[in-house]
Amino acid sequence: MGFFKQKNNQQVQEKVIREDKMPPHRSTASLEKNIRYIQEELKNSTDLKVRLLPGNKQALLYLDDITDPDKMQRYIFTPLREMDGDIQKIKDREESDDLNKAVSALLEGKSVYIIEGNATCYFFNVQQNVTRAIMEPMNEKVIKGSHDGFNEDIKQNINLIRRRIQHRSLTIKKQTVGDYTESEIALVYVEGIVNPGVVKELETRVKNISSDALLSAGAFSEYIEDRTYSIFPQFLSTERPDKTVSQLMEGRIAILFANNPTCLIAPVTFYAFYQSPDDYNTRWLVATYIRLIRLFSFILAITLPSFYIAVVGFHYEVIPEELISPVLGAIRDIAYPPIVEAVLMVIVIELIRESGIRLPSPIGSTIGIVGGLVIGDAIVTAGLVSNLMVIVIALTSLASFVVPSNEMSDSLRILTFPLIILSSVLGFIGITFGLLMVLIHLCRMESLGLSYFTPIQFRDLKDTVIRVPQFLMKRRPEQLESPRPYKSNELSDKHGKK
Amino acid sequence: MKKLTMILLCCILLLSGCWDAREFKEVKLGITAAYDLTDDGVYKNTILIPNVQNSSQGPGKESTQFLTSTGKTSSQSRSNIDRRLSSTYSPAQLDVVLLGSNLAKQDIYPYLDAYYRDPRMHLDCVPVVVKGSAEQALKVVPESEVRPSEYIEGIIESEVETTNSVEVSLQSIGSELYEEGEDFVLPLMEVGDAGKTVSYEGLALFHKSSYTGKDIDYDHTTLFLLMKKVKGKVARISTKLYEGKKPEPDNYTTINIEDFSSSVKSKPDKQNKVRTDIKLELTVMIQEYPQDHLSLSDLPEVKKNLEQALTDQANETIRTIQEANSDVFGIGRSMYGHYPSYWEKLDWEKDFKEIKIVPHITVNIRSRGIFR
């Protein structure tokens, strides 16, 4: 495992000082000195504009690309004219005599006003907000229910949550991660429902992240998840506010990121990846039916190819009599052993999927047709892969796409490979061993210290494998050990009994 | 060291696994096998192997291949077949074993022994006795059949459904092959139509592990099976009710058995050593009564005649069974279970022919059909 070990002779590098922990640098009364200091600190970036006002006694500094000229006009120049050029009469401002604070302010998109002979700098918030409109997330569409989704603006995202939970217990804790990037993240939870131990644990883990940059939600989860080497996702990621809110109300914690529409939810169970907001919007019987199909698809996605390989490679006794001739006819003239067929087909499907993702949609659908129809048909006619194997692999990938969560779907497709290999060398015994390993791993896993694969007891079945009507789901999930275990105080609900 | 151990462990797992792989496409599956005894006293084994043409469109057309070989034992003749095949012969999907009557009259166990020992054999396979040569029956391949390899199996399945044949397999006769006190029957077939078809002829009575040469006729199988508490999806019996009516079909009726209960009770008897009562209660629907619409007032007479006719039929069957010395009702086993000390004194090999078996058949006519 030398690959993963830290090398002892790693170069020692200087620790980066974060913007908010910079030691103060007192400003002087000299305008020129102050401007020079700021210019040097910002490495003479060309987007730093220094605008000397008439008389060369006052200067306005700002970073051109992140400030809004309209706001500057409205909040600085117009009031300045009205106040006869006296900056101290403008109310909406901050001030400091620390030049390092001024640099930080510039980086945040504020403009800095400096006056010759005055050591105080004045900051005006003229930040330019670049936000996308609220749209439904592309990969989490629902048929019924709210169609809004998070976007890159963390304020707007919190707004969407606050509007849904109008209670003083909704707690939002903002922190920054990354020494250079200072990315803002927000932990959101409902005090009184969430397990306080879990919050403390999460806060400790976030505090201990040491990195120059926080680039994505996925990278963030790798810093704080319990088992980084696991194949299964341990944080539920979503871009839907309604899904986030329902998870918050169950007692989980949401982590929002600035400049990232993804929201991570923890602690989660395995089944959370199989729940969709649609389930709570349709009739419970329909929702149950669909849930069962999803769970069935989980089993199908990981075992179908390996089952097929085991049958034709080891246990052809189990083929029903009526199927012998069709199966025999299909695989008789195939040159390769079934495992090569399977791997080939899986790779073809992955190629089609991967090439389709990043192409613009008109070309993307062409790729689907070329890949799916032409290759699928030709590969069978050419005798490289049997048509049964095409059916098996196509069904498998369909089943893996049924999962509402994208990460889980990816995990499933990876999981197919070890099982294919095991089944091609050991048959059914191999599959049994493989599934046993997966099960042991799932049972050992934890999400923020709470068990990931909570025991399937009858009470928890109500919202995992099936979905019962709302009035029967009175308890919050057992896994969370919430201080408020019931969703309602009226335990003997009169609903439905007249 | 740790690394080495891990690599070796993986090798043990993977390499030994690959060794055991048996690819489906590299075997030739026998679907039906026939065993005959030649005049020289060696076994002749014929197998039917379905071959499928490559089929990227649809399931493909099946062609059949026949191979015949001789050998001292069934395994030897199997190896002799294997020598002539491009890939390994595997009997793992064998559905039907045809046994020629010459061979069946000897001991059938030696031929079937290999099937019981190998865990990969298909114990669900149906043994069938063929009057005359089994090889000839195997080679009957009607062109109208889509899957010629399933022809004989199809015949048996449909006869089981209409309560003319029992559902037997190598597994179900396994214990009866050797144990005393119960015998079994196997389906009996014969080549007909000048070698163009194979027809089902009834049930062949076995004693211990050899065919007695006596059979239960096709007409009597349904009643016999009902007494044995076996009923398929449908059970129909046609029987003669009257004498001398004109036209001839008026003498007959067909009943459809809707419900039945049957019990076989045996007890020691001074006169006949053992007395067995077979009680059979049938709830029937009249399916065919060509004479007239069958008025309610006629019903008691019909019921009486029906009971009489069925009892006669049952007596005839029982006589055949006793002549064949084939204890298919398991009377011996029942005696052994209930009266072990009495059983000690019996010589079942001889006594079975002497015991008294009395059928009691009652018929309840539930319906005369929707006609009236």
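In which sense do strand 6 and strand 7 of chain B pair, and over how many bridges? Strand 6 (residues 96-100) and strand 7 (residues 126-131) of chain B pair in the parallel sense, over five bridges. This is a predicted model.

**The sheet of chain B**

Both strands belong to an open sheet of eight strands in chain B. Its order is 4-3-2-6-7-8-9-10, and its pairing is mixed. Strand 4 (62-71) and strand 10 (210-217) of chain B form the edges, each pairing on one side only. On average, neighbouring strands of this sheet are turned by 30° against each other, direction ignored. Within the strand 6 and strand 7 pair, B:Leu98 stands opposite B:Val128, which sits in strand 7 of chain B.

A helix covers part of this sheet. Helix 9 (residues 299-324) of chain B packs there and touches strand 9 (197-207) and strand 10 of chain B. The direction of helix 9 of chain B makes about 170° with that of strand 10 of chain B.

**Chain B overall**

Chain B has 12 helices and 14 strands. Its C-alpha atoms fill a box of roughly 90 × 60 × 55 Å along the principal axes. Of the 372 residues in chain B, 34% are buried. Among chain B contacts between residues at least 6 apart in sequence, 71% join residues at least 24 apart.

**A helix pair in chain A**

Helix 10 (residues 338-357) and helix 13 (residues 406-426) of chain A have axes that come within 10 Å. These axes cross at roughly 170°. Angles over 145 degrees count as roughly antiparallel, so helix 10 and helix 13 of chain A are roughly antiparallel to each other. Their crossing is right-handed.

Helix 10 of chain A brings A:Pro338, A:Ile339, A:Ala342, A:Val343 and A:Val346 to the contact. Helix 13 of chain A brings A:Thr416, A:Ile420 and A:Ser424. By class, this contact has six nonpolar, two polar and no charged residues.

**Where chain A meets chain B**

The contact takes 23 residues from chain A and 25 residues from chain B. On the chain A side, helix 8 (284-313), helix 9 (321-331), helix 11 (361-381) and helix 13 each give two or more residues. Helix 9 of chain A gives the most, with eight residues. By class, the side of chain A that touches chain B has 13 nonpolar, six polar and four charged residues.

**Two single residues**

A:Asp212 lies in the loop between helix 5 (196-207) and helix 6 (217-224) of chain A. Which residues does A:Asp212 contact, leaving aside its neighbours within four places in sequence? They are A:Val16, A:Gly178, A:Asp179 and A:Tyr180. A:Asp212 counts as exposed because it has 10 C-beta neighbours inside 10 Å, and 12 or fewer is the cut-off for that class.

B:Ser75 lies in helix 2 (residues 74-82) of chain B. With 16 other C-beta atoms within 10 Å, B:Ser75 is partly exposed.

Each of these residues has a C-alpha separation to a partner along its own chain:

| Residue pair | Separation in sequence | C-alpha to C-alpha distance |
|---|---|---|
| A:Asp212 and A:Val16 | 196 residues | 7.9 Å |
| B:Ser75 and B:Asn45 | 30 residues | 9.6 Å |

Methods. Residues numbered from 1 in each chain as written. Chains lettered and ligands numbered in written order. Predicted model: local features only at pLDDT ≥ 70, side-chain atom pairs only at ≥ 80, totals over all residues. Axes fitted to C-alpha atoms, helices over the stretch in contact; angles between N-to-C directions. Helix = DSSP H or I, 4+ residues; strand = E, 2+ residues; numbered from the N terminus. Parallel < 35°, antiparallel > 145°, perpendicular 65-115°, else oblique. Left-handed = near helix turned anticlockwise from the far one by under 90°. Contact = placed C-beta atoms within 7 Å. Nonpolar A, V, L, I, M, F, W, Y, C, P; charged D, E, K, R; others polar. Pairing = 2+ DSSP bridges. Buried ≥ 20, exposed ≤ 12 C-beta atoms within 10 Å, placed from the backbone.
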